[in-house]
Amino acid sequence: MSIEGITITLIDKQEVGKDPFGKPLYEDVSIPVENVLVAPTSSDDIVNQMNLTGKKAVYTLGIPKNDIHDWEDKEVKFFGQRWRTFGFPTEGIEDLIPLDWNKKVMVERYG
């Protein structure tokens, strides 16, 4: 039996042009990210995050090792709902972690 994550949708900004003053214009793009682990956040982590940030972590996402996306303060979609990542993603050294995931980020309910 092997562990396998699900595909979630990361909403990120992509530059689509410039305004008349030369400032970049951005548009939301949906990026499917495969093999993401989704686990309920532990009660200790929920209390710690509430004390540190005032936000209630619902799930913790395990991000695959080969992923290069920015996960800080992003909207994500999975389980038919919208979520927002918060805090800094924590990352371990790829070669020292035996499975396919080396980053964690917490999400709160959004929208």
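**Salt bridges, strand pairing and backbone geometry in the predicted model**

A salt bridge joins E108 to K55, with the closest N and O atoms 3.6 Å apart. E108 belongs to strand β6 (residues 101-109), whereas K55 is placed in the loop between α1 (43-53) and β3 (59-64), so the pair ties together parts that are 53 residues apart in sequence. The two partners fall into separate accessibility classes: E108 is buried, at 16% relative accessibility, and K55 is partly exposed, at 30%. The assignment of E108 as buried follows from the cut-off, because buried means under 20% relative accessible area. Beyond residues up to four places away in sequence, E108 touches K55, K56, V58, W83, R84 and F86. The salt-bridge partner K55 is thus itself one of the residues in this contact list.

The coordinates analysed here are those of a predicted model. The protein chain has an average pLDDT of 90, and 95% of the residues score at least 70. Among the elements of the chain, confidence is lowest in α1, with a mean of 72, and highest in β4, at 97. Where pLDDT is low, predicted coordinates should not be read in detail.

Over the whole structure, the search returns seven salt bridges. Side chains of opposite charge can pair when their charged atoms come close. Another of these pairs is formed by K13 and D28, whose closest N and O atoms are 2.7 Å apart. K13 is located in strand β1 (residues 6-18) and D28 in strand β2 (residues 24-40), so this salt bridge ties together parts that are 15 residues apart in sequence. K13 is classed as exposed, its relative accessibility being 53%, while D28 is partly exposed at 45%. The exposed class is assigned to K13 because the cut-off for that class is over 50%.

A further salt bridge brings together the side chains of D70 and K74, at an N to O distance of 3.6 Å. D70 has a relative accessible area of 41% and is partly exposed, whereas K74, with 13%, is buried. The D70 and K74 pair does not stand alone: D12, D70 and K74 are linked in a network of salt bridges.

The strands that hold K13 and D28 are also paired through the backbone. Strands β1 and β2 run antiparallel and are joined by eleven bridges. Within this pairing, I6 is positioned opposite V36 in β2. The hairpin of β1 and β2 has five residues between the strands, and G22 in this hairpin adopts a positive phi near 85 degrees. Strand β2 is in turn joined to β3 by four bridges, and these two strands likewise run antiparallel. In this second pairing, V38 has L61 in β3 as its bridge partner.

Positive phi values also occur outside glycine. Most residues other than glycine have a negative phi. D73 departs from this pattern, with a positive phi near 55 degrees. This residue is situated in the loop between β3 and β4 (75-78) and is partly exposed, at 47% relative accessibility. F79 likewise shows a positive phi near 55 degrees and is a residue other than glycine. The position of F79 is in the loop between β4 and β5 (81-91), where its relative accessible area of 51% places the residue in the exposed class.

The loop between β5 and β6 contains E94, which is partly exposed at 38% relative accessibility. Apart from neighbours within four places in sequence, E94 is in contact with K65 and N102. The C-alpha atoms of E94 and Q14 are 28 Å apart in space, with the two residues separated by 80 residues in sequence.

Methods. Residues numbered from 1 in each chain as written. Heavy atoms only, no water. Salt bridge = Lys/Arg side-chain N within 4 Å of Asp/Glu carboxyl O. Buried < 20%, exposed > 50% of the residue type's maximum accessible area, 1.4 Å probe, protein only. Pairing = 2+ DSSP bridges. Contact = heavy atoms within 4.5 Å. pLDDT = per-residue confidence, 0-100.
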